[in-house]
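Hello,

Here is the structure I promised to pass on to you. Please open it and keep it in view while you read my notes below.

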Amino acid sequence: MASIELRGVEKSFGAAAIIRGINLSIGDGEFVALVGPSGCGKSTLLRIISGLESASRGDILLDGRKVNDDSPRDRNVAMVFQSYALYPHMTVAENMAFNLKLSGKGKAEIATRVEEAARMLDLSDLLHRKPGQLSGGQRQRVAMGRAIVRNPSVFLFDEPLSNLDAKLRVQMRGEIKLLHHRVRTTAVYVTHDQIEAMTLADRIVVLNGGNIEQVGSPLELYNRPANLFVAGFIGSPAMNVVKAELRQTAAGIKAVLGDGSEIALPARAYTSSTNRIVLGIRPESVIVDRQAGDLAGTLKVAEPTGPQTHLVVDAAGTDILAIVKADFASRDGDRLWLSFPAEALHVFDAESGKVI
C-alpha cells in the first residue's frame with residue numbers, strides 16, 4: 001500500500017489547460033473517488049498518477065517518494081480500464097498471468113497468485129474460458145483480477161463500470177467495495193456517476209474545469225456543499241435552487257423570493273455584498289401540504305418511483321422537486337403549498353456561488 005500526494009500538479013495540451021494546480025493528499029489504504037462532468041480533468045489526473053501522462057508542472061509522490069520521472073511499471077500501480085483491455089485469444093488464467101510472466105515470475109508463484117485472485121473474484125470455474133465466452137461483469141472481474149495478481153501499491157480505476165447495464169453496475173459496485181475491504185490497497189476511482197462515488201469512497205474529490213471544488217466524505221459533501229456546483233452535482237435527484245434576496249425583518253432574517261414569498265432563514269450571520277442569494281434545499285426536505293406553507297405552487301407532474309413519488313411543482317417562478325410518500329394523492333394542476341424548514345436550507349451567494 002502507499003500514500004499519494006499531488007503538489008501543484010498542472011497539465012496543459014498546448015494552450016489548453018486541463019489540470020490547474022491540483023494539491024491533494026490520499027492516505028495509505030484510502031479509497032478516493034474523483035468525480036465531475038465530462039472534460040473536468042479527472043481521467044487525465046488518474047493517468048498522471050499512473051505515469052501514462054506526464055505533468056506539465058508539479059510533483060507526484062508515492063509513499064513520500066517523488067515519481068515524476070518513473071515509468072508506470074516502476075510506480076507499482078495497477079489500472080483497471082473502462083474497456084477491460086483483455087486479450088481475446090487468451091484464457092482468463094492467461095490474461096491474469098500475462099504481466100506476471102513479463103516480469104519474470106516463476107510458474108508456481110504465478111499459479112498461486114492467479115488462483116488466489118480467481119477465488120477472491122469468484123472466477124475459479126472460468127479460468128479456462130476466453131473473454132468472448134464471458135458476460136460484461138465477468139470480463140470486468142477478470143480485468144480486476146489481472147490488477148490484483150500484481151500486488152500493487154495503488155489501484156487506479158478509470159470508469160470501470162460504464163459499459164455495464166444498471167443491474168450489473170450495482171452488483172459490481174458491491175464487489176469492488178468488498179475487494180477493497182479485503183486487500184485494503186490505496187484506490188483512486190474515476191467516475192462521472194456520483195452514486196458510485198457516494199457508495200464506494202471514503203472521500204470524494206469534486207473536480208470542475210481542472211480545479212478542485214471540494215474534498216470530503218460523501219455525507220460531508222451531501223450535507224455541507226461548499227458552493228452551488230457541488231450542491232448541484234452531489235445528490236440524486238439534484239438539490240433545488242431558488243433565487244432570492246436577503247432581507248432583515250422584524251421577525252428575523254428572511255429570503256424574499258421573486259413572487260414576494262418569504263422564507264425564514266436559520267439564525268446566523270450572513271455576508272453578501274449584494275444581498276442576492278440562492279436558496280438550496282434537497283427534494284426530500286421539502287414539505288408538501290394542501291392547506292398552508294411558505295409558498296404556493298401548481299403541480300406540473302407527479303412521477304411514481306415505487307416507494308416514493310416525485311412531485312414537480314411550479315412555485316415562485318421555478319420548478320421545485322419534492323419527494324413524498326408513494327400514497328400521496330395528486331393530479332396535475334393541483335394547488336399545493338411548499339414549506340422549506342430552516343434547518344434544511346443552504347444559502348449561497350448569487351454572485352460567487354459560495355456558501356454563506
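To start with a term you will need for the helix below: two residues are in contact when they have heavy atoms within 4.5 Å of each other. Helices (H or I, at least four residues) and strands (E, at least two) are DSSP runs, numbered from the N terminus. Buried means under 20% relative accessible area, exposed means over 50%, and partly exposed is in between (1.4 Å probe, protein chains only).

Please bear in mind that this is a predicted model, in which local features need pLDDT of at least 70 and side-chain atom pairs count only at pLDDT 80 or more, while totals for chains, interfaces and linings use all residues. Residues are numbered from 1 along each chain as its sequence is written, and side-chain values use heavy atoms, with hydrogens and water left out.

**Helix H3**

A good place to begin is H3, which covers residues 107-120. H3 has 14 residues and reaches 20 Å from its first C-alpha to its last, close to the 20 Å expected at 1.5 Å a residue (the expected span is 1.5 Å times one less than the number of residues). Which residues of H3 are buried? They are Ile110, Arg113, Val114, Ala117 and Ala118. Seen down the axis of H3, these buried residues fall within an arc of 130°, so they line one face of the helix; the arc is that of the directions from the helix axis to the C-beta atoms. Helix H2 (92-102) and helix H4 (136-148) are among the elements that cover the buried residues of H3. On the face turned away from the buried side, H3 carries the exposed residues Ala108 and Arg119. After H3 comes Asp122, with a positive phi near 60°.

**Salt bridges**

A salt bridge here is a side-chain nitrogen of Lys or Arg within 4 Å of a carboxyl oxygen of Asp or Glu. A search of the whole structure gives 13 of them. One belongs to H3: the side chains of Glu109 and Arg113 meet at 2.6 Å, N to O. Because Glu109 and Arg113 are 4 residues apart in H3, about one helical turn separates them. Glu109 is partly exposed, at 34% relative accessibility, whereas Arg113 is buried, at 17%.

Lys300 and Asp319 also form a salt bridge, at 3.1 Å, N to O. This pair links distant parts of the chain, with Lys300 in strand S16 (residues 295-304) and Asp319 in strand S18 (residues 318-325), 19 residues apart. Lys300 is partly exposed, with a relative accessible area of 44%, and Asp319 is partly exposed too, with 39%. Elsewhere, Lys11, Arg47 and Glu53 are joined into one network by salt bridges that share partners.

**Aromatic rings**

A pair of aromatic rings is described by the distance of the centres and the angle of the planes. Rings of Phe, Tyr and Trp (its six-membered ring) pair if their centres lie within 6.5 Å; planes under 30 degrees apart count as stacked, over 60 as edge-to-face and the rest as tilted. By this rule there are 6 aromatic pairs. In one of them, the ring centres of Phe157 and Tyr189 are 5.6 Å apart and the planes are at 40°, so the pair is tilted. Phe157 lies in strand S7 (residues 154-158) and Tyr189 in strand S8 (residues 186-191), so the pair ties together parts that are 32 residues apart in sequence. Both Phe157 and Tyr189 are buried. Ring pairs link Phe31, Phe155, Phe157 and Tyr189 into a cluster.

What about a charge over a ring? That means NZ of Lys or CZ of Arg within 6 Å of the ring centre and within 35 degrees of the ring normal. Arg282 lies over the face of Tyr222, at 4.0 Å from the ring centre.

**A buried residue in S18**

Finally, have a look at Ile320 in strand S18. Is Ile320 buried or exposed? At 0% relative accessibility, Ile320 counts as buried. Leaving aside neighbours within four places in sequence, the contacts of Ile320 include Asn240, Val242, Val286, Leu338 and Phe340. Ile320 and Asn240 are 80 residues apart in sequence, yet their C-alpha atoms are 6.1 Å apart in space.

Best wishes
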